[in-house]
Amino acid sequence: MPVILVAPAAFKGTFGPRQVADSLVAGVRRAVPDAKVLACPVADGGDGLLEAVLPPGSLLERVPVTGPLGTTVTAELGWLDAETAIFASSSACGIALVPADQRVPLKATTRGVGELIWEATDRGARTVVVGLGGSATVDGGTGAARGLGWSFTDAAGGELADGGGPLNQLATISGGWRLEAQVVALTDVTTPLAGPNGAAAVFGPQKGASPGEVEQLSSGLSRLAECLAQAGHPGMDALPGGGAAGGLGAGLAAFARASLTPGAPWVLDRIGFDAALATVDLVITGEGEFDRTSFAGKVTGEIVKRAQAARRRVAVVAGRSATQAGITVVSGNGGMLTQPDIEALGERAAREALGLPGPQV
């Protein structure tokens, strides 16, 4: 009787990791009815983080904070224990909170992230884990800093408006409340804050920025890095992962003394993935789009690496994919997948990975 581990991430914009796992499990059971199937939703710091790591029965609070466009949104704050809070920054500043025709990357703010960190600390957290990813913002974390009492002014002493657009006018950084909690920021990329491969250039277009706006945002993040260096935080422009969530990684490192930690290994270690891996014959993982960037910090790439190192068969299910040598990859046609679509892909992945014949018609 084969043992199959189903460990998908969220399919961004459609289904969370638990929903994807349930659909894949149903498909695997159609392909291999006698298999023992283990469901293990995963995440790398972005969508689905709380689904992946919060044990059943954990406290999950809904907290009003400032959203990416300045209006109030309700963010989710989870508790791993009485002194360890966890949340995904996307619940406070996520691109999913902004309709496509209302995206304004020059003005979008991470202020709610700072407010949520402060709220968690006020409720007794000694450690606050923040998953980075899926943001609508490119403000270098200055919004989150504002939520923690920091101020950003121009040469005339005027307070800058929220967002990454005004940052090229930044002259002075001041203030900041004393934060008692340790902040751990989970990154899903190694992108730096500034430069030609920085947050604005890499992520700005995904958030709706035009070429001219990307240039303005890039200039602003470089200016932020200069001011941080003058304030005693050198090297923030090149910090690996500093560009995560539009520069929120670097912002939390500078303004909340956060440690930046690769999210995929943190999550997999937290949920005991390697122990489960040692007991199975096949691992099926998945995400919305699987390509070479999946091996640059994403949880699917980390699962493939760990499965191959443990000499376990591995298959990937995706809505869209690029060919990957030596890996069984099954994908849709690039369009929006339904749960039955994912179920069918799960069945196909199990059959192909185990060398089973196709379903009888």
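Trainee: Why are Arg320 and Glu289 called a salt bridge?

Mentor: The term asks for a side-chain nitrogen of Lys or Arg within 4 Å of a carboxyl oxygen of Asp or Glu. Arg320 and Glu289 meet at 3.6 Å, N to O, so the pair fits that definition. Bear in mind that this is a predicted model, where local features need pLDDT of at least 70, side-chain atom pairs count only at pLDDT 80 or more, and totals for chains, interfaces and linings use all residues. Side-chain values use heavy atoms, without hydrogens and water, and residues are numbered from 1 along each chain as its sequence is written.

Trainee: Why is Arg320 called partly exposed?

Mentor: Buried means under 20% relative accessible area, exposed over 50%, and partly exposed in between (1.4 Å probe, protein chains only). Arg320 has 40%, so it takes the middle label. Glu289, also partly exposed, has 40%.

Trainee: And what makes Glu347 and Arg30 a salt bridge?

Mentor: Their closest N and O atoms are 2.8 Å apart, so the pair meets the cut-off. Glu347 is in helix α12 (residues 339-354) and Arg30 in helix α1 (residues 17-31), 317 residues apart. Helices here are DSSP runs (H or I, at least four residues), numbered from the N terminus.

Trainee: Is Glu347 buried or exposed, and how do you know?

Mentor: Its relative accessibility is 9%, so Glu347 counts as buried. Arg30, at 40%, is partly exposed.

Trainee: Which residues are linked with Arg30 in a network of salt bridges?

Mentor: Glu343, Glu347 and Arg351 are linked with Arg30.

Trainee: How many salt bridges does the rule give?

Mentor: The count comes to 17.

Methods. Helices (H or I, at least four residues) and strands (E, at least two) are DSSP runs, numbered from the N terminus.
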